[in-house]
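Reader: I would like a careful look at how the side chains are paired and placed here, taken as one connected account. Please begin with the sulfur atoms, go on to the charged groups, and say for each term what cut-off stands behind it.

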Amino acid sequence: MGDISQVSSLFFLAGAICGVVLSRVSDFWGRRRILLAVLAVTTVGTILCIAAPNLPVLLTGRVLQGASSSAFQIAYVVLNERLSKKVFAAALGVITAINGGVGGVDGLFGGWLSDAFGYRSIFAVILVVGIAAAGCVALVLPKDGPPVTAGRMDWWGAGALSIALYCVTYLVSHGFADGWDSASTLGYLAGTVVSAVAFGFIERRRTTPLIALSHLKSREVWPVIATTVVVLSGIFAVINFTVVVISQNPETGFGLSATESSLLFLTPAALIGLAAAPMAGWLADRKGWLGTLRVGLVLSIVGLCVIAAFPLQKWTVFAAVAFLGITYNGLVLTTLNGLGVLNSPKDAPAALPGLNSAAFGTGASIGIGLVAPYATRGTLGGYSTALWISVGITVLALATSLFITRRED
């Protein structure tokens, strides 16, 4: 089971690293060129997954597929560079909703494919979609002009930050699994600290850093990253973990099957988010991105409080999760992605979107790790504790959002 879990965790880790590195590379080498390269690497990885004769080959394919995560961040930057502000806001919402899972139908479709034709059929569909996407980019996206950023890519900084992301990811997972004072956890903690210090040392000396430390310290950048981490830690864990655990527990929960749980609690919220995200972008453009984010967070906290107060009332939880489809999937995620693009430094327009994408994965991992010991007890007290922890984390996200300031254009 441990090896199999690596199929997903390595994909997300590769996605976090590629999101940071390849987004920034596109500042130097061009958005279209890097998008085509990303889709080519993803295609190779998908072919490996289809033909994999054993687990190591499958894992290699999944790592290569992880490069696809950077396509979303580059797409956000392309939209900002080529569309008007009004159209950008709505288009960003559409891409955000697609990134969230195409209305939640993807999981159900994947499950049906796997049951009917085997797991390789899922990768066959991904292959067709990836090739179609590459064709669209080649036909529709104009050829690259001069580099957005002068100078050369900061590969040393990218390497140090990649090691830091690797170490912090395994620091969190080993901390919750083995204990925070275990040798493996302390080793990853040391690796995180050393690589982070090395990253700062490198960035101070580069002419064109991955992201200048002066930018990283500004209230246009760090609070966006911090808010993303904390939001994902708080709300993602409720929708995608605690509610799922409650719904499938036959004794102290709702006793649903995995498919029934997904249909009742994941798909509706994602479908609502698919409709709400473009509206959220439209609203943010007219009323302000920060105000829309904070309203979304306040409303999300209300929804979370309802779930925490009535965790065993199925239809109350259903209604509250559906409400989060508007407030979290729509308002919060759309504005966080938008602020990642709009607040990115002018001399490194793809830097903050890349860092923000890594923050999504890190936050989700931390949130589940924090509540899992309580939610998996299978008792009302355990569910309540896990849910109120998530409420408290989301209140902290609202507090960190107050530190964000908009970049002056």
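Author: The sulfur of Cys18 lies 14 Å from the closest cysteine sulfur, which belongs to Cys49, and that is too far for a bond. A disulfide is a covalent bond between the sulfur atoms of two cysteines, and here the term is applied to a pair of cysteine sulfur atoms within 2.5 Å; by that rule the structure holds zero disulfides. This is a predicted model, in which local features need pLDDT of at least 70 and side-chain atom pairs count only at pLDDT 80 or more, while totals for chains, interfaces and linings use all residues. Residues are numbered from 1 along each chain as its sequence is written, and side-chain values use heavy atoms, with hydrogens and water left out.

With a relative accessible area of 18%, Cys18 counts as buried (buried means under 20%, exposed over 50% and partly exposed in between, with a 1.4 Å probe and protein chains only). Cys136, by contrast, is partly exposed at 47%.

Turning to charge, side chains of opposite charge can pair when their charged atoms come close. A search of the whole structure finds five salt bridges, each being a side-chain nitrogen of Lys or Arg within 4 Å of a carboxyl oxygen of Asp or Glu. Arg24, Asp27, Arg31 and Glu81 are linked in a network of such bridges. Within this network Asp27 pairs with Arg24, their closest N and O atoms being 2.7 Å apart, and Asp27 also meets Arg31, at 2.6 Å from N to O. Asp27 and Arg24 are both buried, and Arg31 is buried as well. Because Asp27 and Arg24 are three residues apart in helix α1 (residues 2–29), about one helical turn separates them; helices (H or I, at least four residues) and strands (E, at least two) are DSSP runs numbered from the N terminus. An α-helix has 3.6 residues a turn, so residues three or four places apart point the same way.

Helix α4 (residues 69–82) has 14 residues, which at 1.5 Å a residue should span 20 Å, and its end C-alpha atoms, 21 Å apart, agree with that; the expected span is 1.5 Å times one less than the number of residues. Among the buried residues of α4 are Ser70, Ala71, Gln73, Ile74 and Tyr76.

A further salt bridge joins Arg286 to Asp285, with the closest N and O atoms 3.7 Å apart. Here Arg286 is partly exposed at 40% relative accessibility, and Asp285 is partly exposed at 24%.

Helix α11 (residues 222–248) has 27 residues and an expected span of 39 Å, with which the 38 Å between its end C-alpha atoms agrees. The helix nevertheless has a kink of about 50°, centred on Val238, where the bend is the angle between axes fitted to the seven residues ending at a residue and the seven starting there. Since 20 of its 27 residues are buried, α11 is largely enclosed by the rest of the structure.

On the surface, Val295, Val298, Leu299, Val302, Val306, Phe310, Phe323 and Ile326 form a nonpolar patch with about 590 Å² of accessible area together (areas come from the Shrake-Rupley method with a 1.4 Å probe and, for residues, only the protein chains shown count as cover). Patch residues have over 30% relative accessible area and no salt bridge; nonpolar side chains (Val, Leu, Ile, Met, Phe, Trp, Tyr) are joined within 5 Å and like charges within 9 Å. Helices α13 (289–309) and α14 (314–342) each supply at least two residues, and the largest share, five residues, comes from α13. Val295 lies in α13 and is partly exposed at 45%.
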